[in-house]
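Okay, thanks for coming, everyone. Let me put the model up on the screen, and then I'll walk you through a few strands, the ligand and a couple of odd backbone angles.

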Amino acid sequence: MMNAACIFCKIAARQAPAHILYQDDLVTAFRDIHPVAPTHLLIIPNRHIESVNFVTPEDEPTLGRLFRVARHLAEQEGIAASGYRIIVNTNANGGQTVFHLHMHVIGGQRMRYPMG
Ligand code: AMP
(Lines give C-alpha, C1' and ligand atoms only; values in the text may rest on other atoms or scores of the structure.)
Protein backbone atom coordinates (compact mmCIF):
# COMPACT_ATOMS: atom_id res chain seq x y z
CA MET A 1 0.00 0.00 0.00
CA MET A 2 2.57 2.54 1.15
CA ASN A 3 6.02 2.86 -0.43
CA ALA A 4 8.36 3.89 2.38
CA ALA A 5 10.71 5.65 -0.06
CA CYS A 6 7.94 7.74 -1.65
CA ILE A 7 7.57 11.37 -0.55
CA PHE A 8 3.91 11.53 -1.62
CA CYS A 9 3.10 8.36 0.35
CA LYS A 10 4.68 10.04 3.36
CA ILE A 11 2.62 13.19 2.81
CA ALA A 12 -0.60 11.16 2.54
CA ALA A 13 0.37 9.33 5.77
CA ARG A 14 1.19 12.70 7.40
CA GLN A 15 4.75 11.55 7.98
CA ALA A 16 6.21 14.39 5.86
CA PRO A 17 5.27 18.09 5.98
CA ALA A 18 2.87 19.55 3.44
CA HIS A 19 0.16 22.17 3.27
CA ILE A 20 -2.74 19.72 3.08
CA LEU A 21 -6.00 21.24 1.84
CA TYR A 22 -8.15 18.12 1.70
CA GLN A 23 -7.94 14.44 2.60
CA ASP A 24 -10.40 11.55 2.55
CA ASP A 25 -10.28 7.78 2.36
CA LEU A 26 -9.03 7.78 -1.26
CA VAL A 27 -7.13 11.00 -2.02
CA THR A 28 -5.03 13.80 -0.50
CA ALA A 29 -4.60 17.35 -1.86
CA PHE A 30 -1.81 19.76 -0.96
CA ARG A 31 0.02 22.81 -2.31
CA ASP A 32 2.94 22.24 -4.68
CA ILE A 33 6.19 23.40 -3.05
CA HIS A 34 7.36 24.99 -6.31
CA PRO A 35 4.22 26.67 -7.66
CA VAL A 36 4.29 27.64 -11.34
CA ALA A 37 1.19 29.88 -11.00
CA PRO A 38 -0.71 31.67 -8.20
CA THR A 39 -2.67 28.47 -7.53
CA HIS A 40 -0.82 25.17 -7.89
CA LEU A 41 -2.26 22.17 -6.11
CA LEU A 42 -1.47 18.48 -6.29
CA ILE A 43 -4.10 15.79 -5.74
CA ILE A 44 -2.84 12.25 -5.22
CA PRO A 45 -4.32 8.83 -4.58
CA ASN A 46 -3.51 7.73 -1.03
CA ARG A 47 -2.53 4.35 -2.47
CA HIS A 48 0.89 4.23 -4.15
CA ILE A 49 0.17 4.15 -7.89
CA GLU A 50 3.47 4.82 -9.67
CA SER A 51 1.95 6.50 -12.73
CA VAL A 52 -0.97 6.28 -15.16
CA ASN A 53 0.86 3.24 -16.56
CA PHE A 54 0.00 1.36 -13.35
CA VAL A 55 -3.70 2.24 -13.11
CA THR A 56 -5.99 -0.78 -12.61
CA PRO A 57 -9.78 -1.22 -12.85
CA GLU A 58 -9.92 -1.15 -9.03
CA ASP A 59 -8.53 2.40 -9.14
CA GLU A 60 -11.53 3.81 -11.03
CA PRO A 61 -13.31 5.19 -7.92
CA THR A 62 -10.07 6.87 -6.85
CA LEU A 63 -9.51 8.41 -10.28
CA GLY A 64 -13.05 9.78 -10.26
CA ARG A 65 -12.47 11.20 -6.80
CA LEU A 66 -9.41 13.11 -8.07
CA PHE A 67 -11.67 15.05 -10.43
CA ARG A 68 -14.39 15.65 -7.85
CA VAL A 69 -11.82 17.04 -5.43
CA ALA A 70 -10.27 19.13 -8.22
CA ARG A 71 -13.68 20.72 -8.81
CA HIS A 72 -14.19 21.31 -5.10
CA LEU A 73 -10.75 22.87 -4.57
CA ALA A 74 -10.95 25.00 -7.73
CA GLU A 75 -14.13 26.51 -6.30
CA GLN A 76 -12.53 26.93 -2.87
CA GLU A 77 -9.46 28.60 -4.41
CA GLY A 78 -11.66 30.94 -6.46
CA ILE A 79 -10.36 29.78 -9.85
CA ALA A 80 -13.34 27.75 -11.03
CA ALA A 81 -14.90 30.52 -13.13
CA SER A 82 -11.65 32.08 -14.37
CA GLY A 83 -10.31 28.65 -15.28
CA TYR A 84 -7.51 26.28 -14.58
CA ARG A 85 -5.47 23.48 -16.07
CA ILE A 86 -5.23 19.86 -14.92
CA ILE A 87 -2.02 18.02 -15.79
CA VAL A 88 -0.93 14.44 -15.16
CA ASN A 89 2.66 13.84 -16.28
CA THR A 90 3.84 10.31 -17.12
CA ASN A 91 7.46 9.15 -17.32
CA ALA A 92 10.36 10.99 -18.93
CA ASN A 93 8.71 12.54 -21.96
CA GLY A 94 5.76 13.62 -19.83
CA GLY A 95 8.11 15.33 -17.38
CA GLN A 96 7.20 13.15 -14.40
CA THR A 97 9.64 13.64 -11.52
CA VAL A 98 7.71 12.11 -8.60
CA PHE A 99 6.66 8.52 -9.29
CA HIS A 100 3.40 8.53 -7.36
CA LEU A 101 0.51 9.46 -9.62
CA HIS A 102 -0.59 13.06 -9.09
CA MET A 103 -2.94 15.56 -10.68
CA HIS A 104 -1.67 19.13 -10.94
CA VAL A 105 -4.40 21.80 -10.66
CA ILE A 106 -2.94 25.07 -11.88
CA GLY A 107 -4.69 28.43 -12.16
CA GLY A 108 -4.86 32.08 -11.24
CA GLN A 109 -3.26 33.24 -14.46
CA ARG A 110 -3.74 32.87 -18.20
CA MET A 111 -1.78 29.90 -19.56
CA ARG A 112 -0.54 29.19 -23.02
CA TYR A 113 -0.80 25.75 -24.53
CA PRO A 114 1.44 23.81 -24.65
CA MET A 115 3.59 24.93 -21.73
CA GLY A 116 6.73 23.31 -23.17
P1 AMP B 1 5.83 16.04 -11.81
O2 AMP B 1 6.95 16.75 -12.53
O3 AMP B 1 4.55 15.99 -12.58
O4 AMP B 1 6.26 14.68 -11.30
O5 AMP B 1 5.49 16.95 -10.57
C6 AMP B 1 6.01 16.77 -9.31
C7 AMP B 1 5.62 18.00 -8.52
O8 AMP B 1 5.74 17.70 -7.15
C9 AMP B 1 6.49 19.22 -8.81
O10 AMP B 1 5.66 20.30 -9.25
C11 AMP B 1 7.15 19.50 -7.47
O12 AMP B 1 7.31 20.88 -7.22
C13 AMP B 1 6.18 18.85 -6.50
N14 AMP B 1 6.75 18.39 -5.24
C15 AMP B 1 7.84 17.61 -5.07
N16 AMP B 1 8.04 17.35 -3.77
C17 AMP B 1 7.04 17.98 -3.11
C18 AMP B 1 6.69 18.10 -1.72
N19 AMP B 1 7.41 17.52 -0.77
N20 AMP B 1 5.60 18.82 -1.40
C21 AMP B 1 4.87 19.43 -2.35
N22 AMP B 1 5.14 19.35 -3.67
C23 AMP B 1 6.20 18.64 -4.04
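So, start with β5. M103, V105 and G107 point one way from this strand, while H104 and I106 point the other way, and all of them are buried. I should say right away that this is a predicted model, so please hear everything with that in mind. The alternation itself is what you'd expect: side chains in a regular strand alternate between the two faces of the sheet.

How enclosed is β5, then? The strand covers residues 103-107, and 5 of the 5 are buried, so β5 is largely enclosed by the rest of the structure.

Now, what does β5 pair with? On one hand there's β3, residues 39-45, which pairs with β5 in the antiparallel sense over 5 bridges. If you want to find the register on screen, look for H40, whose bridge partner in β5 is I106, and L41, whose partner there is V105. Then there's β4, residues 84-87, which is antiparallel to β5 and joined to it by 4 bridges. Here I86 is the residue to click on: its bridge partner in β5 is V105. So V105 turns up twice, as partner of L41 in β3 and as partner of I86 in β4.

Let's move over to β3. This strand is mostly covered too, with 7 of its 7 residues buried. Take the two sides in turn: T39, L41, I43 and P45 are on one, H40, L42 and I44 are on the other, and every one of these is buried. β3 also pairs with β2, again in the antiparallel sense and again over 5 bridges. In that pairing R31 stands opposite L41, and L41 is the residue we just matched with V105 in β5.

Okay, the ligand. Where does it sit? It's in the largest pocket. There are 16 residues around it, and the closest are D32, N89, T97, H102 and H104. You'll remember H104 from β5, where it is one of the buried residues.

Let me go through some polar atoms here. For D32, a polar side-chain atom lies 2.5 Å from an oxygen atom of the ligand. For H104, an N or O atom in the side chain is 2.8 Å from a ligand oxygen. I33 uses its backbone instead: an N or O atom there lies 3.2 Å from a nitrogen atom of the ligand. As for coverage, the ligand on its own has 510 Å² of accessible area, and the protein covers 84% of that.

Which elements build the shell? α1, residues 7-12, and β2, residues 27-31, each supply at least two residues. α1 gives the most, with 3.

Last topic, backbone angles. Two residues that aren't glycine have positive phi values, R14 at about 60° and N91 near 55°. R14 is in the loop between α1 and β1, and it is exposed, with a relative accessible area of 54%. N91 is in helix α3, residues 91-94, and at 34% relative accessible area it counts as partly exposed.

And if you open the file afterwards, go back to H104: buried in β5, with a side-chain N or O atom 2.8 Å from an oxygen atom of the ligand. That's what I have, so over to you.

Notes: Residues numbered from 1 in each chain as written. Predicted model: local features only at pLDDT ≥ 70, side-chain atom pairs only at ≥ 80, totals over all residues. Heavy atoms only, no water. Buried < 20%, exposed > 50% of the residue type's maximum accessible area, 1.4 Å probe, protein only. Pairing = 2+ DSSP bridges. Near = heavy atom within 4 Å. Polar contact = N/O pair within 3.5 Å; in protein donor to acceptor, adjacent residues only side chain to side chain. Areas by Shrake-Rupley, 256 points an atom, 1.4 Å probe, with all protein chains shown as cover. 1 Å grid on protein atoms, 1.4 Å probe; cavity = no way out; pocket = protein on both sides within 12 Å on 5 of 7 lines; lining within 4 Å. Sits in = over half its atoms within 2 Å of the grid points.
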